[in-house]
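Hi everyone, thanks for making time for this. I'd like to walk you through one model, piece by piece, so please keep the viewer open while I talk.

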Amino acid sequence: MSEFGFISDKLEIKFLILYIASRLVEPVPFEVLQDLAMCDSGVDYFGFSECLADLVRTEHMARSEDLYAITDKGRRNSGICETSLPYSVRMQAERKLAQCNEQLKRRALVGASIQPREKGGYEVTLSLSDELDELMTLRLLITRQDMALDLQNRFRAHAEEIYSKILADLYGGTV
């Protein structure tokens, strides 16, 4: 571990992992949790992966498929121990968490799926929701898979703009 970080031992890495996991809006893959935990130069890949494995083994964290989430036991212990983390580390983690949680929330609100059709082609279903309701669902018949994948990716990246353009077109260019 680096000698310049505020995190100095494995117990503090575990506290940091629990601190982060308790503030995530949904379970995340290893890589996302690792990226969030690398907010201090005292955390390295090997220390992080060893501590995460320990937390799973002690049932502070749960692993389902390739996603990690905090357990009730982990949440209780995190609440007790979080103030032992240096303030600057907590603030750096909070900044990274805010960005991550926004991305996770957006991903949950933007839907895009592709289904092959028996008669040929692909049905692309695109949807956009807010926290309360579904704003739009659009189903399109696309002849080629590469085009369907491209539409799916473009919609995921620009769903809000596409929704606004559809509304503007339907209202004659004024929204």
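Let's begin with the open sheet of 3 strands, ordered β4-β5-β6 with antiparallel pairing. One thing to keep in mind as we go: this is a predicted model. Which strands stand at the edges of this sheet? They are β4 (110-116) and β6 (134-142), and each has a single partner strand, so one side of each is left without a neighbour in the sheet. From one strand to the next, the twist averages 15°.

If you zoom in on β4 and β5 (residues 122-129), you'll find 7 bridges pairing them in the antiparallel sense. Val110, for example, stands opposite Leu128 in β5. Now bring the helices back into view. α5 packs on the sheet and touches β4 and β5, with its direction at about 45° to that of β4. There is also helix α6 (residues 145-170), lying across β4, β5 and β6 and running at about 150° to β4.

Next, please move over to β3. It pairs with β2 in the antiparallel sense over 4 bridges, and another 2 bridges join β3 to β1, again antiparallel. Which residue of β3 is the bridge partner of Pro29? That is Leu67, and Leu67 is also the bridge partner of Ser64. In the β2 and β3 hairpin there are 2 residues between the strands, and Glu65 takes a positive phi near 55°. For those of you who like backbone torsions, that is the residue to click on.

The side chains along β3 alternate: Tyr68 and Ile70 point to one face and are buried, whereas Leu67 and Ala69 point to the other and are not.

That brings us to helix α2. Its buried residues are Phe30, Leu33, Gln34, Leu36 and Ala37. Looking down the axis of α2, you'll see them fall within an arc of 165°, so they line one face of the helix. And what covers them? The cover includes α1 (10-21), β1 (28-29), α3, β2 (61-64), β3 (67-70) and α5 (87-109).

Let's stay with Phe30, as it leads us to the rings. There are 4 aromatic pairs in the structure. In one of them, Phe30 and Tyr45 meet edge-to-face, at 6.0 Å centre to centre and with 70° between the planes. Phe30 lies in α2 (residues 30-37) and Tyr45 in α3 (residues 45-57), so this pair ties together parts that are 15 residues apart in sequence. Phe30 is buried, at a relative accessible area of 18%, while Tyr45 is partly exposed at 39%. Tyr45 and Phe46 have ring centres 5.3 Å apart and planes at 85°, so that pair is edge-to-face as well. Phe46 itself is exposed, with a relative accessible area of 64%. Put together, Phe30, Tyr45, Phe46, Phe48 and Tyr68 form one aromatic cluster.

Two last stops. How far is Arg23 from the ring centre of Tyr19? It lies over the face of that ring, at 3.7 Å from the centre. Then there is Ser78, in helix α4 (residues 72-81). Ser78 is buried, with a relative accessible area of 3%. Leaving aside residues up to four places away in sequence, Ser78 touches Leu18, Tyr19, Ser22 and Ile70. We've met two of those already: Tyr19 under Arg23, and Ile70 on the buried face of β3.

Thanks for listening, and I'm happy to take questions.

Key
Residues numbered from 1 in each chain as written. Predicted model: local features only at pLDDT ≥ 70, side-chain atom pairs only at ≥ 80, totals over all residues. Heavy atoms only, no water. Phe/Tyr/Trp six-rings, centres within 6.5 Å; stacked < 30°, edge-to-face > 60°. Buried < 20%, exposed > 50% of the residue type's maximum accessible area, 1.4 Å probe, protein only. Lys NZ or Arg CZ within 6 Å of the ring centre and 35° of its normal. Arc of directions from axis to C-beta. Contact = heavy atoms within 4.5 Å. Pairing = 2+ DSSP bridges. Axes fitted to C-alpha atoms, helices over the stretch in contact; angles between N-to-C directions.
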